[in-house]
Amino acid sequence: MDGFPDFWDMKISNFKWEQKGFKGQRSVSVSKRGTLKCKIENIKPHKYYLFSLYIKRDGFMDGEYPYVGIFDREFYLNELFSFRGWVKLSWFLSSNNRNTTQLLLIDPGMTHKLWFDDISLTEFIIKPVFPIHDEKVIGNSIKLTWQMPDTDYILYVKIELSQNKDFKEERVIETVSPMGNFCEIKGLNKGKWYWRISIFKNRKKISVSSIQTFIVLNNSISATSKSNATDSAGLINSKKFFPIGIFGTQIEAFPELKEVGFNSVHSYVKDLDSIEMFITNAKKYNLKALVCIPKEAWEEDVSSFFKENSSSDSILAWYLEDEPEGRAIPPSYIWKLRNYVLKMDPNHSTALVLVRSKKAWDYGPAVDILMIDTYPIPMMPLTWLSESIDEARDAVFDKKPVWAVVQAFDWSKSVREGDLYLQGRNPSYSEEKCLTYLSIVHGAKGVFYYTFKSPNYYIKNYPKHWMNIKRIVKELNQIYPLLLISNASNITISSTNKSIHCAVKFVDEKNLSKFKGTVIEKGYYLIAVNVSPAAVTAKFNIPSFLEGRVLFEDRKISIERGNLVDQFNPYEVHIYKLIS
């Protein structure tokens, strides 16, 4: 009767109803600190729910983020680093054994004002629409349709059909939610058919439909069906190549970058002419280009451009988006971008960068390559990068490459209003090398450095820092065969010191045949990284080996009783050739 939403606990004075919102007549805002509560009843136990809301903040202070609480869980909204615009956030959540829950909107005391609107909690139900209830169908092609709640996530849809109630000898079609709530199937025999639909997110089943039936009145001519789940392309440069690249490059820098040892370059240019020139010059210097989709693609026919470049070995990948999770660009949109590129150019992969690795679970299905750009210096531990790489690899089930984007700039040169990075600096040589090798130890399949040049930063204005980068890149080229090889699974080497992150690689002769100028020989190698800002002593348990020869250091360490003991300076990296 009063025009305000019901059931909310408005006792906290810092919350108030606003006259205008993202949708409808109202939104709720909070300033400084407060918790808004609402009890939700009639929850179905052991079901998945889609929870979503719109949120806006009128400024940004790094490290200040709100929370949302539901189903006895709290979500730290650190993907909310854009401001002054409404952002949609959503989650798939299990109700577990609950039939009620309390929804909390929490401002822990942020500098800026927050708004919330259009909050919804919907049970995720998949419902077959046609054909159902023994509907009779005729024809060589049958269109199956269904309903489910709208979502920006990429969900895998599995349709099972059988002429047996127990689904023996079933036919299976797989598709994805951005393709739409339908699929076509051919080649069904005459008679009664049973069908059902299962929905998966990140391989976890979140909903199964009821079993429905239909009757086919004629035998179809064709006995084939086609999956709509496009998940891979015939990718050029996807194997036997480890990108060592740098962001924000300029064509005039290509000769130096090639001489330094970079093999890949990135550009943010988006006009067709500039992209073509970038690719042409990359080819001239035997570099591989990570490039954007030309902006003209949304205005005119650019199929000839893609056709001309579809067989080019100078394109590393198409760069779809930069940190989309912070700008409310949904995974389904990224998937459609990839689908567009796949139709235009089936030979090259697509990539995007995320800063919040937890969002890899949402965006991972949308692209071929995930890049992680967590920049820890000077505010965060260096392991922020390795932990993010680990989560991204988990999110794609280690089936897609994850590339590291390593900080090579000074945060204080990228200051936005309200940022805390006023005392930023370039990484030191030991920090830069630590971040690089930490990425490799944790399974990164490529390394890019950010950045060569941006609007407020130019790496060559810092000669010592630029020399450090070149020194590391030169070393990476000297051990290049190690970079192409996954961590060995047949041998386990561990350190007693938790500050040491390590990995073992095995190189055989076929991995060496194509590479010159490296210091790598056939055998086992141990890469060990000290992630601590303090010097440490580390003991490695290394069975079956007698000696460790330390690359680039001209020294050997005896392995006694299966143990290798060595000293590490702050952030130091050692690479050992293990001798049996």
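This passage looks at the nonpolar cores of a predicted model and then at two charged residues, Arg171 and Glu572.

The largest nonpolar core holds 104 residues, and within this core Phe262, Met371 and Tyr449 touch the most other members. Helix α7, spanning residues 429-441, is the element that gives the most to this core, contributing seven residues. Apart from this core lies another one of 28 residues, which includes Phe15, Trp17, Val30 and Phe71.

Tyr449 gives a good view of the packing in the largest core. Leaving aside residues up to four places away in sequence, Tyr449 touches Gly245, Ile246 and Phe247, together with Phe262, Val406 and Ala408. Its contacts also include Glu432 and Thr436, as well as Ile469, Ile472, Val473 and Leu476. Phe262 is thus both a partner of Tyr449 and one of the three residues that touch the most other core members.

Turning to the charged residues, Arg171 lies in strand β15 (residues 171-176). Arg171 is buried yet forms no salt bridge, and the nearest side chain of opposite charge, that of Glu170, is 10 Å away. The Arg171 side chain does, however, reach the backbone oxygen of Lys186 at 2.9 Å.

Glu572 sits in the loop between β36 (563-568) and β37 (573-579). Glu572 counts as partly exposed because its relative accessibility is 21%, where buried would require a value under 20%. The side chain of Glu572 reaches the backbone nitrogen of Asn569 at 2.7 Å. Beyond residues up to four places away in sequence, Glu572 touches Ala528, Val529, Asn530 and Gln567. Between Glu572 and Pro533, 39 residues apart in sequence, the C-alpha to C-alpha distance is 9.2 Å.

Technical notes
Residues numbered from 1 in each chain as written. Predicted model: local features only at pLDDT ≥ 70, side-chain atom pairs only at ≥ 80, totals over all residues. Heavy atoms only, no water. Core = buried A, V, L, I, M, F, W, Y, C linked by side-chain atoms within 4.5 Å. Buried < 20%, exposed > 50% of the residue type's maximum accessible area, 1.4 Å probe, protein only. Helix = DSSP H or I, 4+ residues; strand = E, 2+ residues; numbered from the N terminus. Contact = heavy atoms within 4.5 Å. Lys, Arg positive; Asp, Glu negative; His and termini not counted. Salt bridge = Lys/Arg side-chain N within 4 Å of Asp/Glu carboxyl O. Polar contact = N/O pair within 3.5 Å; in protein donor to acceptor, adjacent residues only side chain to side chain.
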